[in-house]
Amino acid sequence: MTPAPSRRPLWRTSTLQRLRPLLFVLCLVPALRWLWLAWQAQLTANPQEFLIRSSGLWALIILLVTLGITPARRLLKQPALLVWRRMLGLFSFFYTLLHMAGWALWERGLSVTAMGQDMMQRPFILIGTVATAALLPLAITSTNGWIKRLGKGWKQLHQLIYPAALLSIWHFWLVRSGKNDYMDPIVYGLILAVLLLSRWQRGNTRRKKNLP
Ligand code: HEM
């Protein structure tokens, strides 16, 4: 009996590498939209709040897409998708930085004391800060030089993305619980739960097969 033909990857690594500039522009679309809205003086009645909230949401969306790359590679049998992961992760961090900078500048007037007080007074700020602190080493060590230097430790360090994502959902939940609006955090939380389950199941299968 002839074995069933294995599904050939649709995209080659080189193709997806060539498409990276397109992904770059796509990830910039939210920021370009804000610039356009600012130019048109249409950044809502409260532009600062709009920008803080919108950047937080995009940071979370892109973080979840980054986490989705690994299961998508396996599910779609398209290993080349990996070449997009680093850029997506860095864009999530870029929007996190904008989000944090918006809060620091517009809500706390760049005063370190006021920022510290806010962290002590509003738990969601503290949780967002811890999530950002967990994402920082991932962004710093995302270069080829760091990947080489850290060897096996790089993969271990980058597991931090999971607690960072959980903290981000918690942060989101706390923000919206103040407004009695739980729907979005539940939907995003469920997406993260599916991604974590797929990761856990994969880990289990590899352990059973004694794979590294
Ligand atoms: C230093 C770190 C952070 C600070 C100071 C911070 C601060 C804030 C503030 C002030 C708001 C608006 C709350 C309101 O409208 O009442 C907010 C909302 C939000 N933040 Fe953060 N945040 C941080 C980190 C993060 C991170 C790491 C993520 C996700 C990757 C994130 C995602 C969100 C989301 C999704 C919202 C809600 C947006 C909405 O309601 O539509 N934040 N954050």
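How many helices and how many strands are there in the protein chain? The protein chain has 10 helices and 0 strands, where helices (H or I, at least four residues) and strands (E, at least two) are DSSP runs numbered from the N terminus. Read from the N terminus on, the elements follow the order α-α-α-α-α-α-α-α-α-α. The C-alpha trace of the protein chain spans about 70 × 40 × 40 Å along its principal axes. Of the 212 residues in the protein chain, 34% are buried, a class that means under 20% relative accessible area, with exposed meaning over 50% and partly exposed lying in between (1.4 Å probe, protein chains only).

The model is a predicted one, in which local features need pLDDT of at least 70 and side-chain atom pairs count only at pLDDT 80 or more, while totals for chains, interfaces and linings use all residues. Residues are numbered from 1 along each chain as its sequence is written, and side-chain values use heavy atoms, with hydrogens and water left out.

**The ligand and its surroundings**

The ligand sits in the second largest pocket. A pocket is here an open set of points, on a 1 Å grid over the protein atoms alone, where a 1.4 Å probe fits and where protein lies on both sides within 12 Å along at least five of seven lines; a molecule sits in such a pocket if more than half of its atoms lie within 2 Å of its grid points. The elements that give two or more residues to the shell around the ligand are α3, α4 (85–107), α6 (123–140) and α9 (161–177).

There are 23 residues around the ligand, and R53, H99, H171, R176 and K179 come nearest; a residue is near a molecule if one of its heavy atoms lies within 4 Å of it. By class, this shell has 11 nonpolar, 8 polar and 4 charged residues, where Ala, Val, Leu, Ile, Met, Phe, Trp, Tyr, Cys and Pro count as nonpolar, Asp, Glu, Lys and Arg as charged, and the others, Gly among them, as polar.

Several side chains make polar contacts with the ligand, a polar contact being a pair of N or O atoms within 3.5 Å. A polar side-chain atom of H171 is 2.8 Å from a nitrogen atom of the ligand. For R53, an N or O atom of the side chain lies 3.0 Å from an oxygen atom of the ligand, and for K179 an N or O atom of the side chain likewise lies 3.0 Å from an oxygen atom of the ligand.

**Salt bridges**

The count of salt bridges comes to 6, a salt bridge being a side-chain nitrogen of Lys or Arg within 4 Å of a carboxyl oxygen of Asp or Glu. The table gives three of them, with the relative accessibility of each partner.

| Arg partner | Acidic partner | Closest N to O |
|---|---|---|
| R53, 35% | E49, 39% | 3.7 Å |
| R122, 27% | D118, 3% | 2.7 Å |
| R176, 9% | D181, 31% | 3.1 Å |

R53, one of the residues that come nearest to the ligand, shares its salt bridge with E49. Both residues belong to helix α3 (residues 47–76), and because E49 and R53 are 4 residues apart there, they are separated by about one helical turn. E49 is partly exposed, and R53 is partly exposed as well.

In the pair of R122 and D118, R122 counts as partly exposed, whereas D118 is buried. These two residues also belong to a network of salt bridges that links E107, R108, D118 and R122. R176, also among the residues that come nearest to the ligand, is buried, while its partner D181 is partly exposed.

**Residues in the loops**

Which residues in the loops have a positive phi although they are not glycine? Most residues other than glycine have a negative phi. T44 has a positive phi of about 65°; T44 lies in the loop between α2 (20–39) and α3 and is partly exposed at 46% relative accessibility. N180 has a positive phi of about 55°; N180 is found in the loop between α9 and α10 (183–208) and is exposed, with a relative accessible area of 64%.

S142, in the loop between α6 and α7 (144–150), is buried, with a relative accessible area of 9%. Along the chain S142 and M87 are 55 residues apart, and their C-alpha atoms are separated by 9.3 Å.

Definitions and conventions
A polar contact is a pair of N or O atoms within 3.5 Å; within protein, one must be able to donate a hydrogen and the other to accept it, and residues adjacent in sequence count only if both atoms are side-chain atoms. On a 1 Å grid over the protein atoms alone, a cavity is a set of points where a 1.4 Å probe fits but cannot get out, and a pocket is an open set with protein on both sides within 12 Å along at least five of seven lines; lining residues have an atom within 4 Å of a point.
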